[in-house]
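Student: I have a fold to go through before the bench work starts. Can we take it question by question?

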Amino acid sequence: MEIKIYDNAEQIAQEVGEVFIEAINAKSSIVLGLATGASPVPTYKYICEKYREGKVSLKNVTTYNLDEYVDLPKNDKNSYYSFMHEQLFNHTDIQEDNVNFLNGNAEDSLKECADYDAKIAKSGYIDIQLLGVGRNGHIGFNEPSNHFTKGAFKVKLTESTIAANSMYFDENPMPHYALTMGVGSIMHAKKIIMIATGKAKADAIAALVNGEVSPACPASVLQFHQNAVIYIDKDAASLL
Ligand code: GLP
């Protein structure tokens with residue numbers, strides 16, 4: 001695991017954006033695992049800019065998003081489906097058929113999760129997985145627990161996550177359940193890039209970097225990945 005510390009989020013966006021663009025341009029097709037939340041937004045903005053400048057095409061990119069809320073209409077403004085379209089997909093030439101999300105409205109969530117894992121495997125697994133981190137050390141929606149998860153599953157969100165994400169839900173209450181890729185699937189990615197900025201992430205980053213590898217801090221498992229790079233700003237790095 002490698003740690004890279006930057007002055008600000010813009011620098012991180014440029015660095016990470018260039019890693020993605022280089023990887024996309026180097027292969028005839030590529031499979032990306034994508035994250036929502038505030039952390040990747042500047043990176044998505046950077047990639048959109050480079051797309052507009054003709055520096056990259058997403059035509060042959062396949063994406064799998066990490067997670068989605070349960071029982072939230074797909075087109076709700078707070079769904080991760082809407083988020084990804086607003087922040088990235090609608091501004092590029094990505095093909096909608098190549099875009100994959102867990103369906104939080106599936107009647108049979110067990111089947112939905114198994115099918116998602118199988119589809120990722122059929123795609124040849126994820127080349128680059130982008131991650132943020134929750135204040136409690138969650139990755140995707142893998143909340144702190146007493147075991148590491150393997151494949152995708154339905155999760156009850158913790159109070160910490162509900163408190164952190166509720167600010168986006170002004171009209172309806174935030175869902176308390178989500179479907180998420182499992183830690184095993186995330187770890188299967190050939191390369192992992194995590195972005196974390198701001199003081200609120202300092203505890204999680206300290207636990208991830210210096211703590212023991214434990215499902216009590218799911219992000220700590222990245223210590224065991226051979227090709228994981230953590231991009232953080234000075235505030236997120238302040239407890240290292
Ligand atoms: C959310 C998402 C995660 C994200 C994390 C951090 O709940 N499910 O995938 O990485 O929390 O979000 P943010 O980047 O907004 O701090």
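Tutor: Start with rings. Rings of Phe, Tyr and Trp (its six-membered ring) pair if their centres lie within 6.5 Å; planes under 30 degrees apart count as stacked, over 60 as edge-to-face and the rest as tilted. This is a predicted model, where local features need pLDDT of at least 70, side-chain atom pairs count only at pLDDT 80 or more, and totals for chains, interfaces and linings use all residues. Residues are numbered from 1 along each chain as its sequence is written, and side-chain values use heavy atoms, with hydrogens and water left out.

Student: How many aromatic pairs does a search of the whole structure find?
Tutor: The search covers the whole structure. Its count of aromatic pairs is 8.

Student: Tyr-64 and Tyr-116 form one pair; what is its geometry?
Tutor: The ring centres lie 5.5 Å apart. The planes meet at 80°, and over 60 counts as edge-to-face. The geometry is edge-to-face.

Student: How many residues apart are Tyr-64 and Tyr-116?
Tutor: Helices (H or I, at least four residues) and strands (E, at least two) are DSSP runs, numbered from the N terminus. Tyr-64 sits in strand β3 and Tyr-116 in helix α4. The pair links distant parts of the chain, with a separation of 52 residues.

Student: Are Tyr-64 and Tyr-116 buried or exposed?
Tutor: Buried means under 20% relative accessible area, exposed over 50%, partly exposed in between (1.4 Å probe, protein chains only). Tyr-64 has 1%. Tyr-116 has 4%. By that cut-off, Tyr-64 is buried, and Tyr-116 is also buried.

Student: Why is the pair of Tyr-69 and Phe-141 called tilted?
Tutor: The ring centres of Tyr-69 and Phe-141 are 5.7 Å apart. Tyr-69 lies in strand β4 and Phe-141 in the loop between β6 and β7 (153–156), so the pair ties together parts 72 residues apart in sequence. Tyr-69 and Phe-141 are buried. The pair is tilted because its planes stand at 50°.

Student: Which residues do ring pairs link into a cluster with Tyr-69?
Tutor: Phe-141 belongs to this cluster. The full set is Tyr-69, Tyr-80, Phe-141 and Phe-169.

Student: Why is α3 described as largely enclosed, and what covers its buried residues?
Tutor: 6 of the 8 residues of α3 are buried, so the rest of the structure largely encloses this helix. The buried ones are Tyr-80, Tyr-81, Ser-82, Phe-83, Met-84 and His-85. Their cover includes β2 (30–34), α2 (41–52), β3 (61–65), β4, β5 (99–100) and α5 (159–165).

Student: Lys-50 lies in helix α2; is Lys-50 buried or exposed, and which residues is Lys-50 in contact with?
Tutor: At 16% relative accessibility, Lys-50 counts as buried. Contact means heavy atoms within 4.5 Å. Leaving aside neighbours within four places in sequence, Lys-50 is in contact with Glu-18, Ile-21, Lys-55 and Val-56.

Student: Where is His-225, and which residues is His-225 in contact with?
Tutor: His-225 is in the loop between α7 (202–210) and β10 (228–233). With 7% relative accessibility, His-225 counts as buried. The C-alpha atoms of His-225 and Ala-189 are separated by 9.1 Å, and these residues are 36 apart along the chain. Beyond neighbours within four places in sequence, the contacts of His-225 are Met-1, Met-187, Ala-189, Lys-190, Lys-191 and Ile-192.

Student: Which residue in the loop between β4 (67–69) and α3 (80–87) has a positive phi?
Tutor: The residue is other than glycine, and its phi is near 60°. At 63% relative accessibility, the residue counts as exposed. It is Asp-71.

Student: What is the phi of Tyr-125?
Tutor: Tyr-125 is in the loop between α4 (109–122) and β6 (128–131). At 32% relative accessibility, Tyr-125 is partly exposed. Tyr-125 is not a glycine, yet its phi is positive, at about 70°.

Student: Last one: how many helices and strands does the chain have?
Tutor: Buried residues make up 53% of the 240 residues in the chain. The C-alpha trace spans about 45 × 45 × 35 Å along its principal axes. The chain has 7 helices and 10 strands.
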